[in-house]
Amino acid sequence: MSAGDPGDDSPLLPEAVEAGTPGLLAHRQPITTPGSWDFFFLSRSQNLALGAALLFGCYSAVLIPAYFPLKKAIFNDPRPKNLVLFNRSASLLSDPCRPRWCLNRLKRLPCSEGLLDIPVFVQQDVPSSWDLPPPLGLRGSEEHLALALASLPQLGLPPSLRGEGGCRRCVVVGNGGVLHGSHLGAHIDQYDVIIRMNNAPVSGFERDAGSRTTVRLLYPEGAPHSGNEYRETTTVALVVFKSLDLDWLISVVTRRPLGFWSKLWFWREVVEDIPLTRESFRILHPEIIRRTGQVLQRYTLTRGKMVPTLGASAVVMALQVCDQVSLAGFGYDMQHPQSQLHYYEAVPMDAMKAQVVHDIGAEKLFLRDLVAAGATTDLTGAL
């Protein structure tokens with residue numbers, strides 16, 4: 001309908017009145033006599049307009065947060081927000097690396113046995129069947145796994161994680177807002193191994209988060225879309241949550257696009273191109289996730305198969321390949337609900353209450369025990 005057309009309840013144009021159509025005019029005028037309910041109802045066009053507006057509003061509330069970046073945090077403080085932690089981090093790097101330091105300290109914990117000798121990446125010599133489905137195992141995904149492994153030219157530990165160069169310092173960079181304003185970026189870049197999770201950005205956040213990445217753990221929906229985030233990345237390790245994740249890996253490695261119907265099963269749009277060579281991809285061994293979940297059972301009242309966050313799993317992975325392990329950006333401060341949840345966006349801490357998959361409290365107790373035992377060092381002081 002053009003802007004000049006009358007609506008369903010509009011009076012006729014003057015031309016129609018002059019043409020002698022009084023009956024039609026009377027019929028189209030709204031009934032507003034006392035006691036008539038028609039006065040309180042919207043017309044058909046108004047109902048359609050209101051319904052369309054409500055539908056658009058509902059879709060926007062659901063889809064806009066998933067497909068558009070949230071407001072970024074603003075960096076405007078020229079000094080570290082915690083000078084004591086900053087100086088302690090610098091002092092730690094000035095000391096010589098101590099071989100097997102974290103393993104020796106790890107033995108002080110009752111749960112240490114479950115954290116030792118865990119395979120890091122899936123290789124060809126894996127069992128043909130798995131006890132549990134993803135992410136705690138690979139039961140039901142054997143065919144997808146075989147095809148994915150066949151597409152990877154190299155398996156096992158990459159050179160950066162083999163320890164051939166002697167003692168290695170590692171840092172696991174969490175996504176917590178406590179990293180914002182830390183000025184630890186230059187310190188983080190000095191570590192031998194730098195582990196990050198999902199789409200936590202480095203581009204534009206180098207001052208606090210550093211610029212290098214040795215291993216980025218991710219699942220398809222969490223993979224960064226910007227090619228800049230892979231510029232200083234050595235290895236991308238897929239964390240399998242469903243069989244389709246392995247198909248996505250095959251697509252990315254072989255440059256063959258996923259089918260239309262396959263894409264529909266992801267809960268958000270996934271990246272189709274990662275600018276790294278085929279040798280750069282691995283599959284995280286689900287035993288890392290399973291053992292981390294088993295250890296977390298000691299710290300929670302919830303029973304059942306615990307699904308840990310990628311952050312906690314990354315720490316357990318670091319314990320397998322590093323002599324000294326530091327943590328940056330870990331620890332959620334739920335006592336201050338309006339504080340910054342992530343270092344890269346202005347989302348309040350209170351948003352964590354909406355998630356029901358992970359036991360954040362249990363993970364904090366676990367990581368705090370690792371720090372207390374000396375197996376890891378907390379660079380940002382939120383544990």
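## Strands and how they pair

Two strands pair if DSSP finds at least two bridges between them. Helices (H or I, at least four residues) and strands (E, at least two) are themselves DSSP runs, numbered from the N terminus. A small example is the match between β7 (residues 340-342) and β8, which run antiparallel and share 2 bridges. In this pair, H342 sits opposite E345 of β8, and a hairpin of 2 residues links β7 to β8.

Strand β8 (residues 345-348) also shows two faces: E345 and V347 are on the covered one, while A346 and P348 are on the uncovered one. In a regular strand the side chains alternate between the two faces of the sheet.

## What you are looking at

This is a predicted model, in which local features need pLDDT of at least 70 and side-chain atom pairs count only at pLDDT 80 or more, while totals for chains, interfaces and linings use all residues. Residues are numbered from 1 along each chain as its sequence is written, and side-chain values use heavy atoms, with hydrogens and water left out.

The protein chain contains 13 helices and 9 strands. Of its 383 residues, 44% count as buried; buried means under 20% relative accessible area, exposed over 50%, and partly exposed in between (1.4 Å probe, protein chains only). The accessible surface of the chain is about 20,300 Å², and carbon and sulfur atoms make up 57% of that. Such areas come from the Shrake-Rupley method with a 1.4 Å probe, and for residues only the protein chains shown count as cover. Among contacts (heavy atoms within 4.5 Å) in the protein chain with a separation of 6 or more, 67% are between residues 24 or more positions apart.

## The open sheet

Seven is the number to look for here: an open sheet of 7 strands follows the order β5-β4-β3-β2-β1-β6-β9, with parallel pairing. Its edges are β5 (281-283) and β9 (376-378), each of which pairs on one side only. On average, neighbouring strands in this sheet are turned by 25° against each other, direction ignored.

Inside the sheet, β1 and β2 are joined in the parallel sense by 3 bridges, and V171 stands opposite I194 in β2. Strand β4 (residues 233-238) holds T235. Is T235 buried or exposed? T235 is buried because its relative accessible area is 1%. Leaving out residues up to four places away in sequence, T235 touches P158, T214, V215, R216, S280 and R282.

## Helix α12 and the nonpolar cores

Helix α12 lies across β1, β2, β3, β6 and β9, and runs at about 160° to β2. Axes here are lines fitted to C-alpha atoms, for helices over the stretch in contact, and angles run from 0 to 180 degrees between N-to-C directions. The 12 residues of α12 should span 16 Å at 1.5 Å a residue, and its end C-alpha atoms are 17 Å apart, which agrees; the expected span is 1.5 Å times one less than the number of residues. Most of α12 is covered, with 11 of its 12 residues buried, among them L310, V316, M317 and L319.

A nonpolar core is a set of buried Ala, Val, Leu, Ile, Met, Phe, Trp, Tyr and Cys residues joined through side-chain atoms within 4.5 Å. The largest one has 47 residues, and L115, V172, M317, F366 and L370 have the most contacts inside it. Elements that each supply at least two residues include β1 (169-173), β2 (193-197), α12 (310-321) and α13 (360-373). Of these, α12 gives the most, with 8 residues. Another core, of 28 residues, lies apart from this one and includes Y230, V236, F266 and V270.

## Two loop residues

Finally, here are two residues to find in the loops. H285 is in the loop between β5 and α11, and counts as buried because its relative accessibility is 10%. Residues touching H285, not counting those up to four places away in sequence, are P119, V120, F121, V122 and W130. The C-alpha atoms of H285 and G156 are 10.0 Å apart, although 129 residues separate the two along the chain.

R108 belongs to the loop between α5 and α6 (142-151). With a relative accessibility of 55%, R108 counts as exposed. From C-alpha to C-alpha, R108 and A375 are 8.9 Å apart in space, and 267 residues apart in sequence.
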